[in-house]
Amino acid sequence: MHPTRKRRLILILALLAAAGIATALIAMALQRNVAYLYTPHEILNGSAGPHVSNGDARFRLGGMVAKGSFKRAVGSMEAHFEVDDGDARLPVVYTGILPDLFRENQSVVATGRMRGKVFVAEEVLAKHDETYMPKEVADKMAQAHKKHQVQDAQPAPAAGTP
């Protein structure tokens, strides 16, 4: 083989190897940062998997803040509330400032880990109004409504229609 061709072949093989290593490193980094969304029912019945239930995996918890469940210790930033999906309730603990739109009977998505039977949130997000809900949460809430035979609310008539 000609020396010039040999150098080009080595260079191409080195570039391919570098691209393969870079792709593997990026894939590993992205895999570690993936946070799946689960409902309280999926966590409590074990369908979310053992890594979620025992606290090894970081994940997102979605549902509604249960009515009458919000409590904050006096002089503390620690908030306690429950997330409900229509099938189950899961207690949540969060230390920090809650979003302005956080309130009971509102949709919430929290990111964190399980510690025993309590979800310890690192981040809490609240929806911006009653018409918006993340698609994943909406799909899972629709499944719960169907299971419990909850009627969907009828849409309000448009302004100016009888």
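## A guided tour, beginning at Arg 89

Arg 89 is partly exposed, with a relative accessible area of 41%. The model in the viewer is a predicted one, and Arg 89 serves here as the starting point of the tour.

**Stop 1: the charged network.** With Arg 89 still selected, add Glu 82. The two side chains form a salt bridge, with an N to O distance of 3.1 Å. Next add Asp 84, whose side chain also meets that of Arg 89 in a salt bridge, here at 3.8 Å from N to O. Glu 82, Asp 84 and Arg 89 are thus displayed together as a network of salt bridges. Both acidic partners are partly exposed: Glu 82 has a relative accessibility of 25%, and Asp 84 one of 22%. As general background, side chains of opposite charge can pair when their charged atoms come close.

**Stop 2: a bridge between distant parts of the chain.** How many salt bridges does a search of the whole structure find? The search finds three. To view another of them, select Arg 58 and Glu 122, where the closest N and O atoms are 2.9 Å apart. Arg 58 belongs to the loop between helix H3 (50-53) and strand S2 (59-65), whereas Glu 122 belongs to strand S7 (residues 118-126), so the pair ties together parts that are 64 residues apart in sequence. Arg 58 is partly exposed at 35% relative accessibility, and Glu 122 is likewise partly exposed, at 44%.

**Stop 3: the nonpolar core.** Now select Ile 43, Phe 59, Leu 61, Phe 81, Phe 119 and Val 124. These residues have the most contacts inside the largest nonpolar core, which has 21 residues. At least two residues of this core come from each of S2, strand S4 (78-84), strand S5 (89-95), strand S6 (107-115) and S7. In soluble globular proteins, nonpolar side chains tend to be buried together.

**Stop 4: Tyr 38 and Phe 59.** The next selections concern aromatic rings, for which the count comes to four pairs. In the pair of Tyr 38 and Phe 59, the ring centres are 5.8 Å apart and the planes stand at 70 degrees, so the arrangement is edge-to-face. Tyr 38 lies in strand S1 (residues 37-38) and Phe 59 in strand S2; the pair links distant parts of the chain, 21 residues apart. Tyr 38 is buried, with a relative accessible area of 17%, and Phe 59 is buried at 1%.

**Stop 5: Phe 81 and Phe 102.** Select this second pair of rings. The centres of Phe 81 and Phe 102 are 4.9 Å apart and the planes are at 65 degrees, so this pair is edge-to-face. Phe 81 is in strand S4 and Phe 102 in the loop between S5 and S6, so the pair ties together parts that are 21 residues apart in sequence. Both Phe 81 and Phe 102 are buried. Which residues does Phe 81 touch, not counting those up to four places away in sequence? They are Val 65, Ser 69, Phe 70, Leu 90, Pro 91, Val 92, Tyr 94, Phe 102 and Val 124.

**Stop 6: the ring cluster.** Return to Tyr 38 and Phe 59, and add Phe 119. Ring pairs link Tyr 38, Phe 59 and Phe 119 into a cluster.

**Stop 7: a backbone feature.** Finally, select Asn 105, in the loop between S5 and S6. Asn 105 is not a glycine, yet it has a positive phi of about 65 degrees. Asn 105 is partly exposed, at 43% relative accessibility.

Terms used
Residues are numbered from 1 along each chain as its sequence is written. This is a predicted model: local features need pLDDT of at least 70, side-chain atom pairs count only at pLDDT 80 or more; totals for chains, interfaces and linings use all residues. Side-chain values use heavy atoms; hydrogens and water are left out. A salt bridge is a side-chain nitrogen of Lys or Arg within 4 Å of a carboxyl oxygen of Asp or Glu. Helices (H or I, at least four residues) and strands (E, at least two) are DSSP runs, numbered from the N terminus. Buried means under 20% relative accessible area, exposed over 50%, partly exposed in between (1.4 Å probe, protein chains only). A nonpolar core is a set of buried Ala, Val, Leu, Ile, Met, Phe, Trp, Tyr and Cys residues joined through side-chain atoms within 4.5 Å. Contact means heavy atoms within 4.5 Å. Rings of Phe, Tyr and Trp (its six-membered ring) pair if their centres lie within 6.5 Å; planes under 30 degrees apart count as stacked, over 60 as edge-to-face and the rest as tilted.
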